[in-house]
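The exercises below ask you to reason from a structure to statements about burial, pairing and contact. Each task is followed by a solution that proceeds step by step.

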Amino acid sequence: MVVRRNRRSGPAAASNFGGNGKNLNLKIAESATNVDIMTAEGHNVDATLLAVGRDHGHYFVRKTFGKPTHCHHCCDKIWGMLTQGYACEVCNFICHDKCMKTVVSFCSGVALQLIKNPVAHTWSEPSHIKRRFCCVCRKKTDDSVAVECEVCEYYVHVDCHDLAVSDCKEAATYVPNLDKNNNKALRAQESKGSRVDWNQENDGNKQVQHHHMREGNIPRDSKCVVCRKACWSCEWLAGMKCAWCSATAHAICYRQMSLECDFGALRKIMLPPNALTIPRTELPMKQLLNIQGTHLEGFNQQPSSPVKTHPEDSALSSVDEAKEREDYENLRIFDGNNSLRKHEYRTATVPKTASIQQIRDVALRRFHISDNPDCYYITQVLNESGEEELLEDPLPLRNVRRPEGRRAHIFLRYKDDPEKTIVKLYGGWLRVPVTFCSLSVTKQTLVQDAVAEALDRFGLDRNSASRYNLIEVSLDRGVAERTANPQENMLQLVRNLRKDSLRRYHVVRFYIQEKDDPHDHAVFVGNLPLSLAQRQYERILLRLLGAKEKPFTAIGPIYFEYGSLVITFNTAKAATSAVQRLQNAVYEEKKLIVLCLPNVQPHMLSTDCEPLLVLVNVKSGGCQGSELIKAFRRLLNPFQVFDVLKGGPLVGLYVFRNIPKYKILACGGDGTIGWVLQCLDIAKQDAACFSPPCGIVPLGTGNDLARVLRWGGGYSGEENPMDILRDVIDAEEVRLDRWAVVFHEEERSQPPTTSSVEPSPDAEQMMNNPEDQTSMIIMNNYFGIGIDADVCLQFHNKRDANPEKFSSRLFNKTQYVKIGLQKAFFERTCKDLWRRVELEVDGKVIELPCIEGIIVLNLLSWGSGANPWGTAKEDGQFQKPTHYDGLLEVVGISDVSRLGLIQSKLSAGIRIAQGGSIRITTHEEWPVQVDGEPHIQPPGTITILKSALKAKMLKKAKKSRRSATSSSTNTAVRPVRNEASPSSSRIHPCILLNIDSGPLMHEKNTSDEAHSASGANGDDDDEEGDAFL
């Protein structure tokens, strides 16, 4: 059973539930197969949970509008001179007189109590959000500080957060008992030897994905899927949108939509919620989603003042005070003992001649309680200890006490029956076909009795009550949970909730939940020391956890190269305790990265589903990644989108390890892409999908691999993320050759030995540590030695000294120009390189021309889209180069001026050779770079060999090529004026995480996978043009 979690605590809350006796009055809310039950908030809202009446909880009053106004229901203008329409006093909902009977939008004051399965929001930082509307008060968010949900586009003013509805997207809904019900007959057939179609579904038991409709804030120019008319507005909160399939509709039309959501255009790459579980922990949803923490804990836990929550209750002006002295009384209303202790109250102004009934009705409205008023009464607070006295008619306020000259304090109380009460038990997490059952509980009813009776009402076996828990869920300012003691008295539990706070009581639920958790409690731990033994990692974890014995059941896999590992626990409690202790732990002056991981059930995926694993580097592209990751979380399942700066790509690859077929979308520069491919080489050894294809969203400076694969030269921020995902679906698979660059240093001269017998050269080689002399790096794009690497190295040194300045592509390019000019006029350190190095290609010594640099190309794109090789056409000596032909191209750079001409696309380099094996011998130190990562290489040999590590990439289809000049696809190289300044793909975000491009320790050979015919044929003519995009 899965628990929806964002354990963002607010004060506890309350609602009625329970169970007992044989003469129980059962009240069942049927599932939303009945269209009339569905509401403006979608399938997750049930109108039967609260008796709100025809007005849907609104407090409508006639109003005269001083400017042109539209109806929030039908979107038409409201015409007339005086009292043209109606407005709700609580949520500012405006409508025609004729539309009041058909309103489907619930008032914000009651919407919180109508949620069937609460899911807490993950709030952003408070800010002024432009061109959006608050989902509570329906006013613009421009002029007041507001927050937004990172997952579902729910916007709310900070002052309105008390009434925010916790109905975020339910992203993990896998239920084991439904899985068994769906497959019971099929498994029986399979056991008898029959062939079984695991994709067939039993209509009586299948887990249907419903639309998750949200009102307002829909995209510009949205059309209603029912009437095909415009349903958006920039002037008011209008229209409905499904958070899963993005279908939009009018509020009066959406109930004609199909109940089942098919995820729309993204169905093939969506990770369906019914195939995912998340841990049942007390951890907040932002931690489960691996989202950056916000500063909203204060407003989530500290109740807003009455002034903020209700501006109309602010301190009275002098005129108001004079009026109060004459005819009105201003009251401070408390809804329980806990409210009095915390001084949380609501203010209300009533006439001094008001009756008990009038005061009671005003108090109920102030706390947004929609219930039978006859069940409540009013008392006055006598002192701070909570003593109270009943107020009585005819003039209850005549003798009310005002302590120390302050305003009168009164209690709103519930008329409790000491013998019995009615409570509700919800079965939402069991996915039963009813929402809740109402049961009568007495003094003898225990929690376990209520659970047994509820199971019977839900159609389950009441004798299995010991396998279930009763969970008290509070919806006040988030979602908080508590597991009730089976021996706890149900009647007393409910009475205590009412006595502490009536507002909280009305937003508390009791849910039935299975004790057995289907989730695999895996915790990812990163930022540990590199390349330690398993026992050493275990000792470190035990020391940080403060435990003598291992609290975890298993450790592994261990990613030695990155100092990361996964530990598994038996219970959610143990996993939660470990996360809470480790999340702030520091080892060797590094704060650990600790994540609770979701669990995918691959057998729940359809055969045509290839979920997309999205890996985003939020620091790339001038921090464009932060907006992109938010958009992808809203379009897809948020648990399939990962920030690589929090644990690296290994976190997402581990979560997807059991999925037989999936795709990857890497968002970042060439360095991020190389990092993802390197992690994939490590993780795929134990994965069900050995080589998932990888697409690219270019966020770096050069983005050469993205250019070759048609993904463009850089993400501008103007492209629609939905279009990017559609491109991924339509993209074709191609192969990318990868190469091993082996650096072997010259042997240092050995000191003279005291022995009379000199060791043989072979013996000396055996005694040397090969790790001190040899290292290897996997190359995807290109290798450089000489002038190109020297410019790259100086750029990296400057960036490392002032990283905050290098956040713009334009600034990066200007720095390259500046360094290049310095090299041209003042520093020619690579002069005569052709005389000082030796080059061999496929075992043949190559005579070098007069050059200052050598570039070895795997791609026809280098330095931000330039092509040093020149035209891609074949000639008599060389083959037409591609990124999957098994050959490398060797190009010479004569000087810095030629380097500038190449990067300006005005010239090409000097073709030297083409082959499958390159060897460069040096006798002095030289700057070198591999895929934009520069360093100084000591004297020795540099060998480039074809690696057994292959990669499948996604190449964007021609029909969806991004906007580029038509001339860029010509076969001949043409000058491009807009790209005159040089650039490079050397801005590697992985440096920010101290990711070393040193020896790759995972060198297991893999079989060469067959190359897709569609990727190998038909694209050669456009290879060069694609690089210039």
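**Exercise 1. State what covers the buried residues of helix α9, and which residues of that helix are buried.**

The cover of the buried residues of α9 includes the strands β15 (420-426), β16 (436-442), β17 (468-474) and β19 (508-514), together with helix α10 (490-500). Bear in mind throughout that the model is a predicted one. Turning to the helix itself, which spans residues 447-457, the buried residues are Val-447, Ala-450, Val-451, Ala-452, Glu-453, Ala-454 and Leu-455. As a last step, look just past the helix, where α9 is followed by Gly-459, a residue whose phi is positive, near 85 degrees.

**Exercise 2. Classify the aromatic pair of Tyr-426 and Phe-436, and explain what the pair ties together.**

Begin with the geometry: the two rings lie 5.5 Å centre to centre with 35 degrees between their planes, and the pair is tilted because stacked requires planes under 30 degrees apart and edge-to-face over 60. Next, place the residues: Tyr-426 belongs to strand β15 and Phe-436 to strand β16, so the pair ties together parts that are 10 residues apart in sequence. Finally, consider the surroundings, where both Tyr-426 and Phe-436 turn out to be buried.

**Exercise 3. Decide whether Tyr-537 and Phe-560 are buried, partly exposed or exposed, and describe their pairing.**

The ring centres of Tyr-537 and Phe-560 are 6.3 Å apart and the planes stand at 40 degrees, so this pair is tilted. The pair links distant parts of the chain, since Tyr-537 sits in helix α12 (residues 534-545) whereas Phe-560 sits in the loop between β21 (554-559) and β22 (564-569), 23 residues apart. Tyr-537 has a relative accessible area of 0% and is therefore buried. Phe-560, at 34% relative accessibility, counts as partly exposed.

**Exercise 4. Work out which strands stand at the edges of the open sheet β6-β7-β8.**

The sheet has 3 strands in the order β6-β7-β8, and the pairing is antiparallel. β6 (213-215) and β8 (248-249) each have a single partner strand, so they stand at the edges, and one side of each is left without a neighbour in the sheet. Following one pairing in detail, β6 is joined by 3 bridges to the antiparallel strand β7 (residues 240-242), and Arg-214 stands opposite Lys-241 in β7.

**Exercise 5. Identify which members of the largest nonpolar core touch the most other members, and trace the contacts of Met-953.**

This core holds 180 residues, of which Tyr-154, Phe-632 and Met-953 touch the most other members. Helix α16 (residues 670-683) contributes the most to the core, namely 8 residues. With neighbours within four places in sequence left aside, the contacts of Met-953 include Ile-673, Leu-677, Pro-693, Leu-705 and Val-734. A second, separate core has 42 residues, among them Val-741, Leu-857, Trp-869 and Phe-878.

**Exercise 6. Locate Thr-353, and determine whether Thr-353 is buried or exposed.**

Thr-353 is found in the loop between β11 (346-351) and α8 (356-366). Its relative accessible area is 60%, and the cut-off for exposed is over 50%, so Thr-353 is exposed. Not counting residues up to four places away in sequence, Thr-353 touches Gln-358 and Leu-395. The C-alpha atoms of Thr-353 and Pro-394 are separated by 8.4 Å, although these residues are 41 residues apart along the chain.

Definitions and conventions
Residues are numbered from 1 along each chain as its sequence is written. This is a predicted model: local features need pLDDT of at least 70, side-chain atom pairs count only at pLDDT 80 or more; totals for chains, interfaces and linings use all residues. Side-chain values use heavy atoms; hydrogens and water are left out. A nonpolar core is a set of buried Ala, Val, Leu, Ile, Met, Phe, Trp, Tyr and Cys residues joined through side-chain atoms within 4.5 Å. Buried means under 20% relative accessible area, exposed over 50%, partly exposed in between (1.4 Å probe, protein chains only). Helices (H or I, at least four residues) and strands (E, at least two) are DSSP runs, numbered from the N terminus. Contact means heavy atoms within 4.5 Å. Two strands pair if DSSP finds at least two bridges between them. Rings of Phe, Tyr and Trp (its six-membered ring) pair if their centres lie within 6.5 Å; planes under 30 degrees apart count as stacked, over 60 as edge-to-face and the rest as tilted.
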